[in-house]
Amino acid sequence: MTAIERPDRAPRSDEQARPKPRLATVSLAGCFGCHMSLLDLDERLFVLFERVDFDRSPLTDLKHCGPCDIGLIEGGLCNAENVLVLREFRARCKLLVAVGACAITGGLPAQRNALDIGRILTDVYQQRPGLGAGSQVPNDPELPLPLAHVHPIHEVVRIDHFLPGCPPSADAIWAFLTALLDGREPQLGHGLIHYD
Ligand code: SF4
């Protein structure tokens, strides 16, 4: 695992004007619960805003990620757009963090992996009771193509850190982020690491 480099000497005056580290976050095939946990930082968000500039994130509503120091990824890969966004994050972020069970293992969305995706779509959109006559599977070109299976993100790009939990608690996210920003290896002890 890697951490943000920290000079082991007092910063020179010209270095003090250095831009803050940039942080980006995104939700792929997830439920936004991991982002809600980030928001559960509550007043600590103000401290975080002092220490980082936010890039692409639901908090900023930016749609593309610029060069960043840390990218937090919630959710796995269930469609082609998820893969494009993940690759963009990998290309732009120095450190990529898989946050939560869905990013790390596929999580709940991967429950569909035992089923055939074509069968799921026709069952839901064409054969379910109560549908109107002529109901079709949506096929607008703007809709991202679903993948046959849901994948964890480490199957597609290199991941630097894994932060487990469904979701990881705000305290775990705080301990993890502050360690990275302090230039330390994140070491989450008892009570902060959990897998459910
Ligand atoms: Fe939601 Fe849990 Fe997946 Fe996070 S890990 S996106 S909380 S289901």
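# Exercises on a predicted model

In this predicted model, the backbone oxygen of Asp55 lies 2.7 Å from a polar atom of the Thr60 side chain. The exercises below start from that pair.

## Exercise 1. The setting of Thr60

Task: State where Thr60 lies, which residues it is in contact with beyond its neighbours within four places in sequence, and whether it is buried, partly exposed or exposed.

Solution.
- Step 1. Locate the residue: Thr60 is in the loop that joins β2 (53-54) to β3 (68-74).
- Step 2. Set aside the neighbours within four places in sequence; Thr60 is then in contact with Phe54 and Asp55. For Asp55, the 2.7 Å approach is from its backbone oxygen to a polar side-chain atom of Thr60.
- Step 3. Classify the exposure. The relative accessible area of Thr60 is 31%. Buried means under 20% and exposed means over 50%, so Thr60 is partly exposed.
- Step 4. Take a distance across the chain: Thr60 and Pro168 are 108 residues apart in sequence, and their C-alpha atoms are 22 Å apart in space.

## Exercise 2. The shell around the ligand

Task: List the residues around the ligand, sort them by character, and name the helices that each supply at least two of them.

Solution.
- Step 1. The residues around the ligand are Gly30, Cys31, Gly33, Cys34, Glu74, Gly100, Ala101, Cys102, Gly165, Cys166 and Pro167.
- Step 2. By character, this shell divides into six nonpolar residues, four polar and one charged.
- Step 3. The helices α2 (33-39) and α5 (101-105) each supply at least two residues of the shell.
- Step 4. Look at the backbone of two shell members: the peptide bond from Cys166 to Pro167 is cis, and its omega is near -5 degrees. Pro167 belongs to the loop between β7 and α7.

## Exercise 3. Backbone angles that stand out

Task: Find the phi of Phe32 and of Asp42, and say why these values and the cis bond deserve a second look.

Solution.
- Step 1. Begin with the general rule: most residues other than glycine have a negative phi, and most peptide bonds are trans.
- Step 2. Phe32 has a positive phi, near 75 degrees. Phe32 sits in the loop between β1 and α2 and is partly exposed, at 40% relative accessible area.
- Step 3. Asp42 also has a positive phi, near 55 degrees. The loop holding Asp42 runs between α2 and α3, and Asp42 is partly exposed at 46%.
- Step 4. Gly183, just after α7, takes a positive phi of about 85 degrees. The general rule concerns residues other than glycine.

## Exercise 4. Two helices

Task: Check the length of α7 and of α4 against the expected rise, then say what covers the buried residues of α7 and of α4.

Solution.
- Step 1. Helix α7 (residues 170-182) has 13 residues, and its first and last C-alpha atoms are 18 Å apart, close to the 18 Å expected at 1.5 Å a residue.
- Step 2. Helix α4 (residues 80-92) also has 13 residues, so 18 Å is expected at 1.5 Å a residue; the end C-alpha atoms are 19 Å apart, which agrees.
- Step 3. In α7, 10 of the 13 residues are buried, including Ile173, Trp174, Phe176 and Leu177. Their cover includes β1 (22-27), α2, α3 (44-51), β3, β5 (93-99) and β7 (161-163).
- Step 4. In α4, the buried residues are Asn82, Val83, Val85, Leu86, Glu88, Phe89 and Arg90. Among the elements that cover them are β1, β3, β4 (77-79), β5 and β6 (146-151).
- Step 5. At the start of α4, a side-chain oxygen of Asn79 comes within 3.0 Å of the backbone nitrogen of Glu81.

## Exercise 5. Cores and the whole chain

Task: Which element supplies the largest share of the largest nonpolar core, and how is the chain built overall?

Solution.
- Step 1. The largest nonpolar core has 23 residues, and those with the most contacts inside it are Leu23, Leu48, Ile70, Val97, Leu163 and Leu177.
- Step 2. At least two residues of this core come from each of α2, α3, β3, β5 and α7. The largest share, eight residues, is from α7.
- Step 3. Another core, of 19 residues, lies apart from it; Cys65, Val85, Cys93 and Ile153 are among its members.
- Step 4. Overall, the chain has seven helices and seven strands, and buried residues make up 41% of its 196 residues.
- Step 5. Of the contacts between residues at least 6 apart in sequence, 78% join residues at least 24 apart.

Notes. Residues numbered from 1 in each chain as written. Predicted model: local features only at pLDDT ≥ 70, side-chain atom pairs only at ≥ 80, totals over all residues. Heavy atoms only, no water. Helix = DSSP H or I, 4+ residues; strand = E, 2+ residues; numbered from the N terminus. Buried < 20%, exposed > 50% of the residue type's maximum accessible area, 1.4 Å probe, protein only. Contact = heavy atoms within 4.5 Å. Polar contact = N/O pair within 3.5 Å; in protein donor to acceptor, adjacent residues only side chain to side chain. Near = heavy atom within 4 Å. Nonpolar A, V, L, I, M, F, W, Y, C, P; charged D, E, K, R; others polar. Expected span 1.5 Å × (residues − 1). Core = buried A, V, L, I, M, F, W, Y, C linked by side-chain atoms within 4.5 Å.
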